[in-house]
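Morning, everyone. I have one small region to walk through today. Let me put the structure up.

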Amino acid sequence: MNATPFWLAGRPATGDEELTVTHPYDGRVVGTAAVPTPEQVEEAVAAAHAVRREAAALPLHVRADALTHVSRRLAERSEEIARLITGENGKPLLWARGEVTRAVATFRFAAEEARRWSGTTQRLDTDPGAVGRMAYIARVPRGPVLGISPFNFPLNLAAHKIAPAIAVGTPIVLKPAPATPLSALLLGELLAETDLPEGMFSVLTVPNDRAGGLVEDPRLPIVSFTGSVPVGWSIRDQVPRKHVTLELGGNGAAVVLPDADLDWAASRIGLFSNYQAGQSCIAVQRVYVDRSVYETFLPKLVEAVNGLVTGDPWDDKTQVGPLVSQDAAERVESWVNEAVEAGAKVLTGGTRDGASYAPTVLADVPADAKVQNLEVFGPVMLVEPVDGVDEAFEKVNASSFGLQAGVFTRDLDLAFRAHRELEVGGVVIGDVPSYRADQMPYGGVKESGVGREGLLYAMTDYTEEKIMVLTGLPL
(Lines give C-alpha, C1' and ligand atoms only; values in the text may rest on other atoms or scores of the structure.)
Protein backbone atom coordinates (compact mmCIF):
# COMPACT_ATOMS: atom_id res chain seq x y z
CA MET A 1 0.00 0.00 0.00
CA ASN A 2 1.46 3.35 -1.05
CA ALA A 3 1.78 5.79 1.83
CA THR A 4 -0.23 8.99 1.68
CA PRO A 5 2.27 11.88 1.63
CA PHE A 6 2.28 14.61 4.23
CA TRP A 7 2.34 18.28 3.21
CA LEU A 8 5.56 20.18 3.70
CA ALA A 9 5.24 23.91 3.01
CA GLY A 10 2.46 23.19 0.51
CA ARG A 11 4.22 20.31 -1.25
CA PRO A 12 3.64 16.55 -0.92
CA ALA A 13 6.52 14.74 0.74
CA THR A 14 7.47 11.40 2.23
CA GLY A 15 9.92 10.53 4.98
CA ASP A 16 11.76 7.49 6.23
CA GLU A 17 8.85 6.04 8.21
CA GLU A 18 5.16 5.30 7.83
CA LEU A 19 2.27 4.93 10.23
CA THR A 20 -0.51 2.44 9.67
CA VAL A 21 -4.16 3.45 9.97
CA THR A 22 -6.59 0.69 10.93
CA HIS A 23 -10.39 0.55 10.93
CA PRO A 24 -11.68 0.42 14.53
CA TYR A 25 -14.62 -1.85 13.71
CA ASP A 26 -12.68 -4.81 12.29
CA GLY A 27 -9.01 -3.87 12.59
CA ARG A 28 -8.25 -3.97 8.87
CA VAL A 29 -5.68 -1.60 7.41
CA VAL A 30 -7.34 1.33 5.64
CA GLY A 31 -4.23 3.29 4.75
CA THR A 32 -0.73 4.35 5.60
CA ALA A 33 0.67 7.83 6.05
CA ALA A 34 4.21 9.02 5.55
CA VAL A 35 5.95 10.39 8.66
CA PRO A 36 8.28 13.39 8.34
CA THR A 37 11.86 13.27 9.52
CA PRO A 38 13.07 15.82 12.09
CA GLU A 39 14.83 17.64 9.26
CA GLN A 40 11.57 17.89 7.31
CA VAL A 41 9.73 19.21 10.37
CA GLU A 42 12.42 21.88 10.69
CA GLU A 43 11.98 22.76 7.02
CA ALA A 44 8.22 23.17 7.47
CA VAL A 45 8.55 25.42 10.52
CA ALA A 46 11.27 27.50 8.85
CA ALA A 47 9.06 27.94 5.78
CA ALA A 48 6.12 29.09 7.92
CA HIS A 49 8.35 31.59 9.70
CA ALA A 50 9.85 32.85 6.44
CA VAL A 51 6.51 33.45 4.72
CA ARG A 52 4.75 35.13 7.65
CA ARG A 53 5.07 38.71 6.35
CA GLU A 54 3.99 37.75 2.83
CA ALA A 55 1.04 35.86 4.31
CA ALA A 56 -0.05 38.85 6.39
CA ALA A 57 0.04 41.03 3.28
CA LEU A 58 -2.12 38.70 1.16
CA PRO A 59 -5.13 40.56 -0.25
CA LEU A 60 -8.40 39.52 1.34
CA HIS A 61 -9.73 38.16 -1.95
CA VAL A 62 -6.78 35.77 -2.24
CA ARG A 63 -7.45 34.37 1.23
CA ALA A 64 -11.20 34.17 0.66
CA ASP A 65 -10.84 32.56 -2.76
CA ALA A 66 -8.59 29.85 -1.33
CA LEU A 67 -11.08 29.11 1.44
CA THR A 68 -13.98 29.07 -1.00
CA HIS A 69 -12.09 26.64 -3.21
CA VAL A 70 -11.56 24.20 -0.34
CA SER A 71 -15.23 24.47 0.64
CA ARG A 72 -16.34 23.74 -2.92
CA ARG A 73 -13.97 20.81 -3.35
CA LEU A 74 -15.06 19.26 -0.07
CA ALA A 75 -18.64 19.40 -1.31
CA GLU A 76 -17.69 17.88 -4.67
CA ARG A 77 -15.88 14.97 -3.01
CA SER A 78 -18.20 14.67 -0.02
CA GLU A 79 -19.07 10.97 -0.25
CA GLU A 80 -15.46 9.94 -0.84
CA ILE A 81 -14.33 11.99 2.14
CA ALA A 82 -17.13 10.69 4.38
CA ARG A 83 -16.05 7.14 3.63
CA LEU A 84 -12.45 8.08 4.39
CA ILE A 85 -13.55 9.41 7.81
CA THR A 86 -15.53 6.25 8.53
CA GLY A 87 -12.57 4.13 7.51
CA GLU A 88 -10.01 5.75 9.77
CA ASN A 89 -12.26 6.86 12.64
CA GLY A 90 -14.99 4.19 12.73
CA LYS A 91 -17.83 6.68 13.07
CA PRO A 92 -20.97 5.64 11.18
CA LEU A 93 -21.45 7.05 7.70
CA LEU A 94 -24.44 8.98 9.05
CA TRP A 95 -22.16 11.10 11.20
CA ALA A 96 -19.22 11.10 8.77
CA ARG A 97 -21.43 12.67 6.10
CA GLY A 98 -22.55 15.23 8.64
CA GLU A 99 -18.95 16.06 9.46
CA VAL A 100 -18.13 16.70 5.81
CA THR A 101 -21.17 18.96 5.52
CA ARG A 102 -19.97 20.91 8.53
CA ALA A 103 -16.44 21.23 7.12
CA VAL A 104 -17.88 22.61 3.89
CA ALA A 105 -19.63 25.25 5.99
CA THR A 106 -16.56 25.92 8.13
CA PHE A 107 -14.47 26.91 5.13
CA ARG A 108 -17.39 28.87 3.64
CA PHE A 109 -17.87 30.82 6.87
CA ALA A 110 -14.13 31.51 7.00
CA ALA A 111 -14.22 32.88 3.45
CA GLU A 112 -17.11 35.16 4.39
CA GLU A 113 -15.33 36.40 7.50
CA ALA A 114 -12.12 36.97 5.53
CA ARG A 115 -13.95 39.30 3.15
CA ARG A 116 -15.32 41.26 6.12
CA TRP A 117 -11.97 41.36 7.97
CA SER A 118 -11.14 45.04 8.29
CA GLY A 119 -9.72 47.70 10.55
CA THR A 120 -11.64 50.29 12.54
CA THR A 121 -11.12 53.96 13.29
CA GLN A 122 -11.39 55.93 16.53
CA ARG A 123 -11.42 59.70 16.89
CA LEU A 124 -9.01 60.80 19.60
CA ASP A 125 -10.03 64.44 19.86
CA THR A 126 -12.10 63.83 22.96
CA ASP A 127 -9.45 65.88 24.81
CA PRO A 128 -8.01 69.23 23.69
CA GLY A 129 -4.51 67.82 23.38
CA ALA A 130 -5.60 65.36 20.69
CA VAL A 131 -7.31 67.69 18.24
CA GLY A 132 -6.77 66.49 14.67
CA ARG A 133 -5.80 62.97 15.72
CA MET A 134 -7.46 59.72 14.70
CA ALA A 135 -6.50 56.11 15.37
CA TYR A 136 -6.65 53.36 12.78
CA ILE A 137 -6.85 50.00 14.54
CA ALA A 138 -6.16 46.75 12.70
CA ARG A 139 -5.85 43.20 13.95
CA VAL A 140 -2.60 41.63 12.82
CA PRO A 141 -1.42 38.00 13.14
CA ARG A 142 0.48 37.09 16.30
CA GLY A 143 2.57 34.78 14.11
CA PRO A 144 2.45 31.29 12.62
CA VAL A 145 0.09 28.82 14.27
CA LEU A 146 0.70 25.30 15.51
CA GLY A 147 -2.64 23.52 15.27
CA ILE A 148 -3.07 20.16 17.02
CA SER A 149 -6.29 18.36 16.11
CA PRO A 150 -7.93 15.25 17.64
CA PHE A 151 -9.23 11.97 16.27
CA ASN A 152 -12.95 12.37 16.96
CA PHE A 153 -13.65 14.94 14.22
CA PRO A 154 -10.57 14.41 12.06
CA LEU A 155 -11.78 16.64 9.22
CA ASN A 156 -13.84 19.42 10.77
CA LEU A 157 -11.67 20.09 13.80
CA ALA A 158 -8.64 20.28 11.51
CA ALA A 159 -10.69 22.75 9.45
CA HIS A 160 -11.26 24.84 12.58
CA LYS A 161 -7.48 25.22 12.94
CA ILE A 162 -6.63 25.84 9.28
CA ALA A 163 -9.48 28.03 8.04
CA PRO A 164 -9.16 30.92 10.53
CA ALA A 165 -5.39 30.99 10.04
CA ILE A 166 -5.75 31.45 6.31
CA ALA A 167 -8.53 33.98 6.84
CA VAL A 168 -6.29 36.28 8.93
CA GLY A 169 -3.22 35.70 6.77
CA THR A 170 -0.98 33.63 8.98
CA PRO A 171 0.83 30.35 8.19
CA ILE A 172 -0.19 27.18 10.01
CA VAL A 173 1.53 23.91 10.79
CA LEU A 174 -1.08 21.27 11.55
CA LYS A 175 -0.37 18.11 13.54
CA PRO A 176 -3.31 15.70 13.20
CA ALA A 177 -4.01 12.81 15.55
CA PRO A 178 -1.85 9.77 14.64
CA ALA A 179 -4.91 7.50 14.71
CA THR A 180 -6.75 9.55 12.06
CA PRO A 181 -4.33 11.48 9.82
CA LEU A 182 -5.89 10.75 6.44
CA SER A 183 -8.67 13.34 6.55
CA ALA A 184 -6.25 16.13 7.43
CA LEU A 185 -3.88 15.04 4.68
CA LEU A 186 -6.74 15.28 2.21
CA LEU A 187 -7.31 18.87 3.37
CA GLY A 188 -3.67 19.49 2.51
CA GLU A 189 -4.32 18.12 -0.96
CA LEU A 190 -7.17 20.59 -1.49
CA LEU A 191 -5.18 23.52 -0.10
CA ALA A 192 -2.38 22.67 -2.53
CA GLU A 193 -4.80 23.36 -5.38
CA THR A 194 -5.02 27.04 -4.37
CA ASP A 195 -2.76 30.03 -5.01
CA LEU A 196 -1.58 30.30 -1.41
CA PRO A 197 2.17 30.98 -1.14
CA GLU A 198 4.63 28.22 -0.37
CA GLY A 199 5.00 27.79 3.36
CA MET A 200 1.47 28.95 4.15
CA PHE A 201 0.51 25.49 5.35
CA SER A 202 2.04 22.19 6.34
CA VAL A 203 0.29 19.03 7.54
CA LEU A 204 2.79 16.95 9.48
CA THR A 205 1.96 13.44 10.67
CA VAL A 206 4.30 13.70 13.62
CA PRO A 207 3.99 11.06 16.38
CA ASN A 208 2.78 12.40 19.71
CA ASP A 209 6.12 11.77 21.38
CA ARG A 210 7.74 14.22 18.95
CA ALA A 211 5.13 16.97 19.26
CA GLY A 212 6.94 18.67 22.15
CA GLY A 213 9.53 20.15 19.84
CA LEU A 214 6.83 21.82 17.77
CA VAL A 215 5.11 23.15 20.89
CA GLU A 216 8.34 24.69 22.18
CA ASP A 217 9.51 26.18 18.87
CA PRO A 218 9.52 29.99 19.25
CA ARG A 219 8.73 30.43 15.55
CA LEU A 220 5.22 29.09 16.25
CA PRO A 221 3.97 31.65 18.82
CA ILE A 222 0.36 30.41 18.77
CA VAL A 223 -0.67 26.92 19.83
CA SER A 224 -4.26 25.91 19.17
CA PHE A 225 -4.92 22.54 20.78
CA THR A 226 -8.01 20.34 20.86
CA GLY A 227 -7.72 17.14 22.85
CA SER A 228 -7.36 15.69 26.32
CA VAL A 229 -7.32 17.73 29.51
CA PRO A 230 -3.92 16.58 30.85
CA VAL A 231 -2.13 17.14 27.54
CA GLY A 232 -3.78 20.51 26.98
CA TRP A 233 -2.84 22.02 30.33
CA SER A 234 0.65 20.53 30.15
CA ILE A 235 1.15 22.40 26.86
CA ARG A 236 0.04 25.66 28.47
CA ASP A 237 2.43 25.06 31.38
CA GLN A 238 5.22 24.14 28.97
CA VAL A 239 5.06 27.42 27.01
CA PRO A 240 3.63 30.10 29.33
CA ARG A 241 4.80 32.94 27.10
CA LYS A 242 2.99 31.67 24.03
CA HIS A 243 -0.63 32.39 23.15
CA VAL A 244 -2.25 29.02 23.82
CA THR A 245 -5.89 28.20 23.17
CA LEU A 246 -7.30 24.97 24.57
CA GLU A 247 -10.52 23.22 23.61
CA LEU A 248 -10.41 20.30 25.98
CA GLY A 249 -13.18 18.13 27.29
CA GLY A 250 -16.33 17.96 29.34
CA ASN A 251 -18.90 15.73 30.93
CA GLY A 252 -21.87 17.52 29.43
CA ALA A 253 -25.00 17.87 31.54
CA ALA A 254 -28.63 17.98 30.42
CA VAL A 255 -31.31 19.28 32.78
CA VAL A 256 -34.92 18.18 32.25
CA LEU A 257 -37.46 20.45 33.96
CA PRO A 258 -41.18 19.80 34.54
CA ASP A 259 -42.37 21.95 31.62
CA ALA A 260 -40.16 20.13 29.08
CA ASP A 261 -41.44 18.03 26.20
CA LEU A 262 -40.35 14.72 27.71
CA ASP A 263 -40.53 12.73 24.48
CA TRP A 264 -38.33 15.25 22.69
CA ALA A 265 -35.90 15.42 25.60
CA ALA A 266 -35.63 11.63 25.83
CA SER A 267 -35.03 11.22 22.09
CA ARG A 268 -32.39 13.95 21.94
CA ILE A 269 -30.55 12.87 25.09
CA GLY A 270 -30.67 9.23 24.05
CA LEU A 271 -29.16 9.99 20.66
CA PHE A 272 -26.60 12.58 21.69
CA SER A 273 -25.19 10.64 24.58
CA ASN A 274 -24.24 8.00 22.05
CA TYR A 275 -23.54 9.69 18.72
CA GLN A 276 -19.88 9.35 17.74
CA ALA A 277 -19.98 6.42 20.24
CA GLY A 278 -19.97 9.13 22.90
CA GLN A 279 -16.60 10.41 21.64
CA SER A 280 -17.57 14.06 21.61
CA CYS A 281 -16.59 16.55 24.29
CA ILE A 282 -20.18 17.83 24.33
CA ALA A 283 -21.88 14.43 24.35
CA VAL A 284 -24.50 14.08 27.12
CA GLN A 285 -22.94 12.36 30.11
CA ARG A 286 -24.96 13.62 33.10
CA VAL A 287 -28.76 13.91 33.09
CA TYR A 288 -30.57 15.68 35.92
CA VAL A 289 -34.34 15.28 35.89
CA ASP A 290 -36.82 17.08 38.10
CA ARG A 291 -38.20 14.53 40.54
CA SER A 292 -41.80 15.37 39.61
CA VAL A 293 -41.28 13.95 36.09
CA TYR A 294 -38.44 11.49 36.77
CA GLU A 295 -40.55 8.31 36.84
CA THR A 296 -42.31 9.32 33.63
CA PHE A 297 -39.13 10.38 31.86
CA LEU A 298 -36.87 7.45 32.77
CA PRO A 299 -38.62 4.72 30.70
CA LYS A 300 -38.80 7.11 27.75
CA LEU A 301 -35.05 7.65 27.96
CA VAL A 302 -34.27 3.94 28.20
CA GLU A 303 -36.60 3.24 25.29
CA ALA A 304 -34.87 5.91 23.20
CA VAL A 305 -31.45 4.41 23.93
CA ASN A 306 -32.63 0.87 23.21
CA GLY A 307 -34.04 2.06 19.90
CA LEU A 308 -30.68 3.23 18.58
CA VAL A 309 -29.22 1.25 15.68
CA THR A 310 -25.79 -0.07 16.62
CA GLY A 311 -23.21 -2.07 14.70
CA ASP A 312 -21.42 -1.80 11.36
CA PRO A 313 -20.48 1.85 10.69
CA TRP A 314 -20.71 1.23 6.94
CA ASP A 315 -24.45 0.57 7.22
CA ASP A 316 -26.38 3.73 6.36
CA LYS A 317 -28.80 3.08 9.23
CA THR A 318 -26.19 2.67 11.98
CA GLN A 319 -26.27 5.41 14.61
CA VAL A 320 -23.72 4.04 17.10
CA GLY A 321 -20.53 2.42 15.92
CA PRO A 322 -17.26 1.43 17.61
CA LEU A 323 -14.95 3.57 19.67
CA VAL A 324 -11.66 4.55 18.11
CA SER A 325 -9.89 1.48 19.53
CA GLN A 326 -10.39 -1.59 21.68
CA ASP A 327 -8.27 0.05 24.37
CA ALA A 328 -10.72 2.94 24.49
CA ALA A 329 -13.66 0.55 24.80
CA GLU A 330 -11.93 -1.42 27.54
CA ARG A 331 -11.34 1.79 29.51
CA VAL A 332 -15.04 2.69 29.27
CA GLU A 333 -15.94 -0.83 30.36
CA SER A 334 -13.67 -0.59 33.39
CA TRP A 335 -15.19 2.74 34.47
CA VAL A 336 -18.73 1.37 34.23
CA ASN A 337 -17.79 -1.81 36.09
CA GLU A 338 -16.18 0.27 38.82
CA ALA A 339 -19.36 2.33 39.21
CA VAL A 340 -21.52 -0.80 39.31
CA GLU A 341 -19.31 -2.38 41.96
CA ALA A 342 -19.83 0.77 44.02
CA GLY A 343 -23.62 0.56 43.76
CA ALA A 344 -24.66 1.98 40.37
CA LYS A 345 -27.46 0.25 38.48
CA VAL A 346 -27.28 -0.53 34.75
CA LEU A 347 -30.65 0.32 33.20
CA THR A 348 -29.52 -0.73 29.74
CA GLY A 349 -26.23 -1.56 28.02
CA GLY A 350 -23.09 -2.20 30.01
CA THR A 351 -21.52 -4.70 27.61
CA ARG A 352 -18.51 -4.60 25.29
CA ASP A 353 -17.73 -6.40 22.02
CA GLY A 354 -14.22 -5.61 20.82
CA ALA A 355 -13.99 -1.86 20.20
CA SER A 356 -17.77 -1.45 20.52
CA TYR A 357 -19.51 -0.60 23.76
CA ALA A 358 -23.29 -0.82 24.06
CA PRO A 359 -25.16 2.46 24.71
CA THR A 360 -25.46 2.53 28.48
CA VAL A 361 -27.68 4.26 31.03
CA LEU A 362 -26.70 4.21 34.69
CA ALA A 363 -28.67 5.20 37.79
CA ASP A 364 -27.69 5.56 41.44
CA VAL A 365 -24.12 6.41 40.49
CA PRO A 366 -21.93 7.21 43.52
CA ALA A 367 -20.74 10.80 43.75
CA ASP A 368 -17.07 9.81 43.57
CA ALA A 369 -17.32 7.49 40.53
CA LYS A 370 -15.18 8.25 37.48
CA VAL A 371 -18.28 8.26 35.24
CA GLN A 372 -19.66 11.03 37.44
CA ASN A 373 -16.57 13.24 37.62
CA LEU A 374 -14.35 12.59 34.61
CA GLU A 375 -15.00 12.62 30.89
CA VAL A 376 -16.16 9.13 29.86
CA PHE A 377 -15.71 9.81 26.12
CA GLY A 378 -17.85 6.79 25.42
CA PRO A 379 -21.55 5.89 25.04
CA VAL A 380 -22.41 6.13 28.73
CA MET A 381 -24.72 8.45 30.65
CA LEU A 382 -25.94 8.64 34.21
CA VAL A 383 -29.42 9.84 35.14
CA GLU A 384 -30.39 11.28 38.50
CA PRO A 385 -33.51 12.91 40.01
CA VAL A 386 -33.23 16.41 41.49
CA ASP A 387 -35.52 18.51 43.63
CA GLY A 388 -35.97 21.62 41.55
CA VAL A 389 -33.90 24.05 39.55
CA ASP A 390 -31.59 25.06 42.39
CA GLU A 391 -30.33 21.51 42.91
CA ALA A 392 -30.11 20.84 39.17
CA PHE A 393 -27.94 23.88 38.52
CA GLU A 394 -25.84 23.16 41.59
CA LYS A 395 -25.08 19.66 40.26
CA VAL A 396 -24.23 20.97 36.80
CA ASN A 397 -21.79 23.43 38.36
CA ALA A 398 -20.26 20.84 40.70
CA SER A 399 -18.23 19.48 37.79
CA SER A 400 -14.63 20.53 37.26
CA PHE A 401 -15.55 20.88 33.59
CA GLY A 402 -17.53 23.69 32.00
CA LEU A 403 -17.96 23.28 28.26
CA GLN A 404 -21.68 23.31 27.45
CA ALA A 405 -24.96 22.42 29.15
CA GLY A 406 -28.46 21.77 27.87
CA VAL A 407 -31.64 22.81 29.69
CA PHE A 408 -34.99 21.45 28.58
CA THR A 409 -37.49 24.14 29.51
CA ARG A 410 -39.97 26.47 27.81
CA ASP A 411 -39.66 29.12 30.54
CA LEU A 412 -37.80 32.17 29.23
CA ASP A 413 -36.96 33.40 32.72
CA LEU A 414 -35.36 30.05 33.53
CA ALA A 415 -33.47 30.17 30.23
CA PHE A 416 -31.85 33.47 31.14
CA ARG A 417 -31.22 32.25 34.68
CA ALA A 418 -29.43 29.20 33.26
CA HIS A 419 -27.34 31.43 31.04
CA ARG A 420 -26.48 33.60 34.03
CA GLU A 421 -25.76 30.89 36.62
CA LEU A 422 -24.36 27.83 34.82
CA GLU A 423 -20.56 27.78 34.80
CA VAL A 424 -20.09 26.72 31.19
CA GLY A 425 -19.03 28.27 27.92
CA GLY A 426 -22.41 27.70 26.30
CA VAL A 427 -25.99 26.98 27.37
CA VAL A 428 -28.41 25.35 24.94
CA ILE A 429 -32.08 25.86 25.80
CA GLY A 430 -34.58 23.23 24.70
CA ASP A 431 -31.92 20.82 23.46
CA VAL A 432 -28.83 18.86 24.40
CA PRO A 433 -25.41 20.41 25.14
CA SER A 434 -24.16 18.62 22.02
CA TYR A 435 -25.42 21.34 19.68
CA ARG A 436 -22.73 23.36 17.94
CA ALA A 437 -22.99 25.71 14.98
CA ASP A 438 -19.55 26.13 13.43
CA GLN A 439 -19.80 29.92 13.18
CA MET A 440 -20.69 30.49 16.85
CA PRO A 441 -18.15 31.03 19.66
CA TYR A 442 -17.33 27.64 21.11
CA GLY A 443 -15.19 26.76 24.10
CA GLY A 444 -15.28 26.22 27.81
CA VAL A 445 -14.28 27.37 31.26
CA LYS A 446 -12.62 25.63 34.21
CA GLU A 447 -10.96 22.37 33.10
CA SER A 448 -12.64 22.56 29.69
CA GLY A 449 -10.10 25.02 28.39
CA VAL A 450 -9.47 28.63 27.45
CA GLY A 451 -10.18 30.62 24.29
CA ARG A 452 -12.91 30.22 21.70
CA GLU A 453 -13.26 28.57 18.32
CA GLY A 454 -15.86 29.48 15.72
CA LEU A 455 -14.39 31.27 12.73
CA LEU A 456 -14.51 34.94 13.71
CA TYR A 457 -13.62 34.11 17.32
CA ALA A 458 -10.61 31.99 16.38
CA MET A 459 -9.51 34.73 13.97
CA THR A 460 -9.60 37.14 16.89
CA ASP A 461 -7.59 34.69 19.01
CA TYR A 462 -4.94 34.37 16.29
CA THR A 463 -4.46 38.15 16.07
CA GLU A 464 -3.85 41.24 18.21
CA GLU A 465 -4.60 44.94 17.84
CA LYS A 466 -2.09 47.20 16.16
CA ILE A 467 -2.71 50.94 16.13
CA MET A 468 -1.67 53.77 13.80
CA VAL A 469 -2.31 57.36 14.94
CA LEU A 470 -2.88 59.92 12.20
CA THR A 471 -2.03 63.49 13.11
CA GLY A 472 -3.17 66.88 11.81
CA LEU A 473 -6.43 65.74 10.28
CA PRO A 474 -9.24 68.24 9.70
CA LEU A 475 -11.79 66.26 11.68
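Start with a side-chain pair: Thr-226 and Lys-161 are joined by a polar contact of 2.7 Å. Keep in mind that this is a predicted model.

So where does Thr-226 sit? It belongs to strand 10, residues 222–226. Buried or exposed? Thr-226 has a relative accessibility of 5%, and the cut-off for buried is under 20%, so Thr-226 counts as buried.

Now the surroundings. Leaving out residues up to four places away in sequence, Thr-226 touches Ile-148, Ser-149, Pro-150 and Leu-157. Lys-161 is on that list too, along with Glu-247 and Glu-453.

Next, the strand pairing. Strand 10 runs parallel to strand 11, and the two pair over 5 bridges. Take one of them: Ser-224 has Thr-245 of strand 11 as its bridge partner. How do the two strands connect? Strand 10, helix 9 and strand 11 form a β-α-β unit, and that unit is right-handed. Helix 9 covers residues 229–238.

Let's stay on strand 11, residues 243–247. Why call it largely enclosed by the rest of the structure? Because 4 of its 5 residues are buried.

Strand 11 has another pairing, with strand 23, residues 449–450. Here the sense is antiparallel, over 2 bridges. Leu-246 stands opposite Val-450 of strand 23.

To recap: Thr-226 is buried and makes its polar contact with Lys-161. Strand 11 pairs in the parallel sense with strand 10 and in the antiparallel sense with strand 23. That's it from me.

Terms used:
Residues are numbered from 1 along each chain as its sequence is written. This is a predicted model: local features need pLDDT of at least 70, side-chain atom pairs count only at pLDDT 80 or more; totals for chains, interfaces and linings use all residues. Side-chain values use heavy atoms; hydrogens and water are left out. Buried means under 20% relative accessible area, exposed over 50%, partly exposed in between (1.4 Å probe, protein chains only). A polar contact is a pair of N or O atoms within 3.5 Å; within protein, one must be able to donate a hydrogen and the other to accept it, and residues adjacent in sequence count only if both atoms are side-chain atoms. Contact means heavy atoms within 4.5 Å. Two strands pair if DSSP finds at least two bridges between them. A crossover is right-handed if, with the strands pointing away from the viewer, the path from the first strand over the helix to the second runs clockwise.
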